[in-house]
Structures are given as C-alpha cells and as structure tokens.
2 protein chains.
Amino acid sequence: MGETVGHGTGPVKRTSPVTLREVARRAGVSPSAVSRAFTPGASVSAQKRAAIELAASELGYSPSVLASALTTGRTKMIGLVSNNFHNPIFLEVFDQFTRGLQDRGLRPLLVNLSGDMALADAVQMLRRYSVDGVIFASSTLPPDYARKFLEAGLPVVHSFGRWSARPEVNIVGIDNRAAGRLAAGTLFARGYRRIAFLGGPDSASSTQDRLAGFLEVANTRQEAQVTSSFAAAYSFDAGRAEMQRLLGAGPPAQAYFCGDDVLSIGALSALADAGLDVPGDVGILGLNDMEMARWAGINLTTVRQPIADIIASSIDLVVSSLNDPDQPAEARLFGCSIVERGTLRPRL
Amino acid sequence: MGETVGHGTGPVKRTSPVTLREVARRAGVSPSAVSRAFTPGASVSAQKRAAIELAASELGYSPSVLASALTTGRTKMIGLVSNNFHNPIFLEVFDQFTRGLQDRGLRPLLVNLSGDMALADAVQMLRRYSVDGVIFASSTLPPDYARKFLEAGLPVVHSFGRWSARPEVNIVGIDNRAAGRLAAGTLFARGYRRIAFLGGPDSASSTQDRLAGFLEVANTRQEAQVTSSFAAAYSFDAGRAEMQRLLGAGPPAQAYFCGDDVLSIGALSALADAGLDVPGDVGILGLNDMEMARWAGINLTTVRQPIADIIASSIDLVVSSLNDPDQPAEARLFGCSIVERGTLRPRL
DNA sequence: CAAGTCACTGCAACCGGTTGCCATGTACCG
DNA sequence: CGGTACATGGCAACCGGTTGCAGTGACTTG
C-alpha cells in the first residue's frame, strides 16, 4: 500500500510476453545462464548476472512460473478450499490465509465448495493445476473430505477441522470438546444452573464435539439442568429462528452456549424482541470472537478461537508436509479462552 | 453438495501423477491421439476414444492444465485482486465471484492487496502465473491501479470501480453520483431538510462521487441545509467514532446518508448510546444492502447496490475481453434502488 | 473405375524453462 | 611447476501436452 501510481494520461501500451531465450540473445549468453541467473543459489558470475539483469529489465522479462513448474514440479500454488462463504468470520479467515500464503511466496487458488462444485470436481481440478498443497478450511465438513485430497496425492491440511486421536490427515483447529467444557464451566462459575446448548447444524462435526464437552462438565453437577437444540445453519437467521422457537416452547434457560457468534447474535435479536434483558434475564455465550462480537450494541461474551494461530500453523504444516510428503499426519490443537464482555452476568 | 464420501477406513494410498504418454502406451495409440481425445472438437474415432478413456480412467489420468497452457496460452486462471478484506459485504462478493468463475470453468487466483503486497508485485506475480485476465474488485482504489494490469498485457475489469466517461480500463459498478442523487432525493421526499452526508475515507473514489451526486440534488433546494463529513475507513468503528464526534460537536442533522452499510451500523450504535431514537429523532440511510442490513435489530433502510449483476457482468466482460484483446474499454453501470426498512421515517 | 473428399492418425517440432553432464579457465596446493 | 579443486557456462535432453503437416484408408461422385 501507499505506493504511488502514475496518473496514466498516455495511451495504454500492451507488452507481449518475453521469453528467456530473448533475454539470452540480448545479453549474449546461453539460455541456461539466464535460467540460473533467476535461480537462487545457482552459480553465475557477477558480470554475467549483471548483463542478464539489464537485458531482462530492458525487455520487461518475468519468468513463467508455469513453465518452470513443469520441470521443478512446484507451482507454489496452494488450493484454498472452503464452503463457509456466509459466516463473516471467514472473511477474516480468508484475509489471513491470503496474507500468510503471500508472505511465503505462495498463491491461493480459491475453491468454493458451496456451489455446484462437488468434492470430486474440486480434487480433480486441483490436481490438474498441480497445486503444491491444499488447505481445506471448513468447520462444518467431515475429515473424509480432506482425505480425498490426500488420496489424490495432494498434501492437505484441514483447518478448523475435527480433532482425532490418530488423524489420517493433517488437522489444525481447536479442541471443540475442551471448548464445550470451558463454556459449561464458565456458565456454572457465573451461577447459572438451568443451562442450554444452542448448536449449529447437528450434522456439523464441530457441533457434536462441543456438545459432548459441554455435557461432560454439566453431567458432573447434579444441580444442573441441561437442554440442547440445534439451529439449521451457522447463520443469524437460523440462530434467531431457533431462539424464537425455544421461547415459544416454554420458559427460557438461564443461559445459552451458542455454537458460534453469528448464531449468538441471531439469538440475541430474538431475545430482544421478546423483551428479555441480556444478561439480566438470560445469559448468552458465543464462540469465535469475530470482529462483530465486540461491536457496541452486540458486546458478546464469547469463547475466543485463536484464528491467527490456527491459520499460521496451518500454513506451516502444509508447507512442511509438501517438503516431506511422507511426514505422518499430525493434529495441532489450540486452546480457547473466554473474552469477557456484556452478555453473561459477572462471576459470583 | 450432498455427495457421499466414503468412510475411509483403509490406509491412504497416494497416487503419483500419470502422464499422457503412459495413457497412450496403455491404450496402444500415439500421444497425439490422447491429447485429441481430451480436446473438445478434435477428430478421434469412437473406438479409439473409448480405448483412451478406459486407459485414462484405469490409470487415474488427469491432464495437466499447466502443460497445456504452455502451448495454448490459456491457463483459465483469473487473478482476483482486492484490498477489501474487512467489509463483510466482500464475503458475499468473493462468494459470488468464485462461483461465477467456477461455473465458467475459470479459477480465481486470489490476491490480497491489503498486506505487504504492493501493486507492482501483484502485477508481476499475475504475469508470472500467466493468468488469462484480472478482476480488480475494489471500491476504494483509483482506476490507475487497474490500468497497471492492462499495461502489463493482462485484460482487466475493475469491479465496483469509479465511473468514467471515456474509460481506459473496463469498469463495472454503480453510478456513484446517481446513487448520491437517489439518496438525497429520498431524504427530501421523507421531509428531511437538515441532512448530512457521512462518507467513507475522503480519499476513496466512490466517496467523492457519492458526495457530488448528493450535493447536486441538495443544492437545488433552497430550504436544505447540508453538511458532510468523512469516516476514517469503511468500518463499524469508524462510523461509530465519526457519529460520536458529530454528536459531540452540536445538534445532529435530521438524517444522514452514510456511504456504506457497515458505516451506518456504526453510526446507529453511536446514536443508540446517545439515547437518540431512529428513525424518531434521526434518520439513517445506508448503501450496499449487505446481508446484515436486514437483520432484525439493525433493519437498515439502504440504497441497494446490485452486487449479483455487477459480478456477473464483470465476469462476462473479462471473458469477452480476453477473447478479443483489442476490444475497447467499456464502462457498465447498474442502477441502484432504495430498500425500505426501518431507519427512515415513512414518506410524508 | 478414376479422381476427389474427408475423417482419422502418427511424426516431430514446439511451448518456456530446468538441469545433468562435460568442457573450460582460474586459483590454489604441495 | 605439475596437479587438483572449484567456479562458471554451454549443450542437449527433458518436463507434459499441443498442433501443423503429411500419409493412410474409406467413401463419394461423375
């Protein structure tokens, strides 16, 4: 950013692609010399290199990654596959992935798995483009998906995926079970007793694990009354609809742990409409700590998922596993923490 | 979606890449025959094609796009360049771009211009990857940026860009000036007289045009009192901060036209904190109609930007201009409309 | 039945770089 | 001073497909 851009009043001139051999001819050297001049670590004399660099810049030469990939086998492209294009948290995720990859000289080839593109198409497509590796960023799809990439010979990391004791594919994320335990523990510490889990779609792998952890703690307390229900999607509308349904079905719980911030915000909106005060009448605890959670007017107390760590670690892992293809699959989990804001009553 | 995925209990087998010549050998034909079998419109006999397809599927062959790009000159990759990774509306934008491109067999190579990546780096990078074209999606950066891609020989479309009478580069977006006029007209029609423009960063090209259109109408009404100010960014925090500043500086206007929905939401939050009722005390009109605008609790009256049309048209335009590189630059503008919700008082 | 079409096929060159191998030249060693 | 080590640089083959060209055979057409 901040660079200056010419005002561009002249006519636009279009340059045609320049090849390595043209540079070689102009610099009076062999093609191999040019190639080596652009290969870090190759052996070229200083004066030859200077001549080549001069010729290259005069001609506006930039080497074709695709041609070199043909022999080196490295495209420096990473397939970035996701189906979560509706949860605002994923804009942050894409932002950080693209920057992290760019910083390492890698390029994200983006694949949207939510449209007509089936998994098998995505796999084949990424093979055809010879991507060096794949980052599969999805909190809702099961590990089998990531596995398909691996079977196709593509190193893969499943980010925000489900933990497994003996993972078949690389996985980076949070321990959803531990997050569920943390949530339940937090609600109890605030003195809530009639508590509820308001999860995302019950088919989502993350939902199941969070619920399991939540119940694990809740079941140790005899005085607890726990209920659970599931929204149709990780979305505002689904969260709002589910909370409306709950309010219509009977008296609300004292506090809800929602499987996602955007779900929480939907639930908050339903509570506000019903005239219930948060946190006076009902407590809400979210999960993710997306940017919006700290907006005044929302001010959501939430379980923070360390997104930056997950992403940085995912990139590390995909890079290391493409350098050593026989590296065994690995699971990297990060801990969560509570971000205290205004939707739970204070600790007793 | 909805496809079934095997449960994958067996060990993961990794396949190594299969080449065209291996398929040829197995099918007992020449390499050219295989190539032609995979080229639509090429002339291959039915039985040879069958033999080739059999061999290919037995071997799990998928042709390398990169190798073919070397001779055809088409990678079917489109650079998708943006710097707007913080406005939630852009998640919708990315979603629609990726799907639209995928539907046409194109692949988005995503470039994040907001980090350390300078414009010149992005241009060179996309040249090195031989992308067929570039979509530059930014509402904040000037047309000079898009022009740099064109100069590098890359067909480009500036989506959400600034209108120009004689465009040097392809541009698809809304007529920001007309949007400003629409906004002002709407406020007057509601009986507001002391009105204000609360724009994004005053360096953003879109802001200037919207303000110009806004004033154009406002200045035709003698009874109008118009003021204007600018938030530091297109963000919640910036909108909130700017509205707080305005409220601290004196009595508020009767209604504000904010340059963006997320800015509006920030402004709403400041108004709520100040105990002002919307639309009772103050009216707010946004721009974009992002998903969040219709959330209960926000319910923002806003100028709708036809994002789907802009994106579909951008893709059309980049495709047609890469098929005919000498096509003159074109500007395609779409009209905006008012989406009536709850932050302006009703028409008198 | 001869000539002309046309669909199909393989050969070989080519797309734009990379790299193993060998030749050359210089520096350094004892 | 002979000999070795090492840096440098060109040749040519190769990465995985594509395509112009020419050749083959089958099928029309008059």
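**Symmetry, interface and local geometry of the two-chain model**

Of the interface residues of chain A, 98% are also interface residues in chain B, so the copies meet through the same surface. This arrangement belongs to a predicted model. The contact draws 63 residues from chain A and 63 residues from chain B. On the side of chain A that touches chain B, at least two residues each are supplied by α4, α5 (89-103), β2 (107-112), α6 (119-128), α7 (143-151), α10 (236-249) and α11 of chain A. The greatest contribution to this side is that of α5(A), with 8 residues. By class, the residues of the side of chain A that touches chain B comprise 29 nonpolar, 17 polar and 17 charged.

The relation between the copies was then examined by superposition. A turn of 180° with a shift of 0.0 Å along the axis lays chain A on chain B with an RMSD of 0.0 Å. The two copies are thus related as by a two-fold rotation axis. Among the residues of chain A, the closest approach to the rotation axis is made by L109(A), whose C-alpha lies at 2.3 Å.

Both chains contribute to the surface near DNA strand C. Of the 27 residues around this strand, those that come nearest are L20(A), S32(A), S35(A) and S68(A), together with S30(B). Two or more residues of the surface are given by each of α2 (31-37) and α4 (65-72) of chain A, and by each of α2 (31-37) and α4 (65-72) of chain B. The largest share, 5 residues, comes from α4(A). Helix α4 of chain A is also one of the elements that supply at least two residues to the side touching chain B. In composition, the surface near DNA strand C has 12 nonpolar and 13 polar residues, alongside 2 charged residues.

Within chain A, an open sheet is formed by 6 strands in the order β7-β6-β8-β9-β10-β12, with mixed pairing. The edges are occupied by β7 (225-230) and β12 (337-339) of chain A; each has a single partner strand, so one side of each is left without a neighbour in the sheet. On average, and with direction ignored, neighbouring strands of this sheet are turned by 25° against each other. Strand β8 (residues 255-258) of chain A pairs with β9(A) in the parallel sense, over 3 bridges. In this region A255(A) is placed opposite G283(A), a residue of β9(A).

Two helices of chain A lie across strands of this chain. Helix α9 (residues 205-218) lies across β6 (194-199), β7 and β8 of chain A and runs at about 170° to β6(A). Helix α11(A) lies across β6, β8, β9 and β10 of chain A, and its direction is at about 155° to β9(A). Helix α11 of chain A is, in addition, among the elements that supply at least two residues to the side touching chain B.

A further set of contacts involves helix α8 (residues 176-189) of chain A, in which L182(A) is found. L182(A) has 24 other C-beta atoms within 10 Å and is therefore buried. Apart from its neighbours within four places in sequence, L182(A) is in contact with V303(A), C336(A) and I338(A). Of these partners, I338(A) is 156 residues from L182(A) along the chain, while the C-alpha atoms of the two are separated by 8.1 Å.

Particular backbone geometries are found in both chains. In chain A, V278(A) and P279(A) are joined by a cis peptide bond with omega of about 5°. P279(A) belongs to the loop between α11 (261-273) and β9 (283-288) of chain A. In chain B, the peptide bond from V278(B) to P279(B) is likewise cis, with omega near 5°, and P279(B) is placed in the loop between α11 (261-273) and β9 (283-288) of that chain.

Although N299(A) is not a glycine, its phi is positive, at about 50°. This residue lies in the loop between β9 and β10 (302-304) of chain A. N299(A) has 15 other C-beta atoms within 10 Å and is partly exposed. For N299(B), also a residue other than glycine, phi has a positive value near 50°. N299(B) is located in the loop between β9 and β10 (302-304) of chain B, and it counts as partly exposed, with 15 C-beta neighbours inside 10 Å.

Conventions
Residues are numbered from 1 along each chain as its sequence is written. Chains are lettered from A and ligands numbered from 1 in the order in which they are written. This is a predicted model: local features need pLDDT of at least 70, side-chain atom pairs count only at pLDDT 80 or more; totals for chains, interfaces and linings use all residues. Helices (H or I, at least four residues) and strands (E, at least two) are DSSP runs, numbered from the N terminus. A residue is buried if 20 or more other C-beta atoms lie within 10 Å of its own, exposed if 12 or fewer, and partly exposed in between; C-beta atoms are placed from the backbone. A residue is near a molecule or strand if its C-beta atom, placed from the backbone, lies within 6 Å of it. Ala, Val, Leu, Ile, Met, Phe, Trp, Tyr, Cys and Pro count as nonpolar, Asp, Glu, Lys and Arg as charged, and the others, Gly among them, as polar. Two residues are in contact if their C-beta atoms, placed from the backbone, lie within 7 Å. Copies are superposed by least squares on the C-alpha atoms of residues with pLDDT of at least 70 in both. Two strands pair if DSSP finds at least two bridges between them. Axes are lines fitted to C-alpha atoms, for helices over the stretch in contact, and angles run from 0 to 180 degrees between N-to-C directions.
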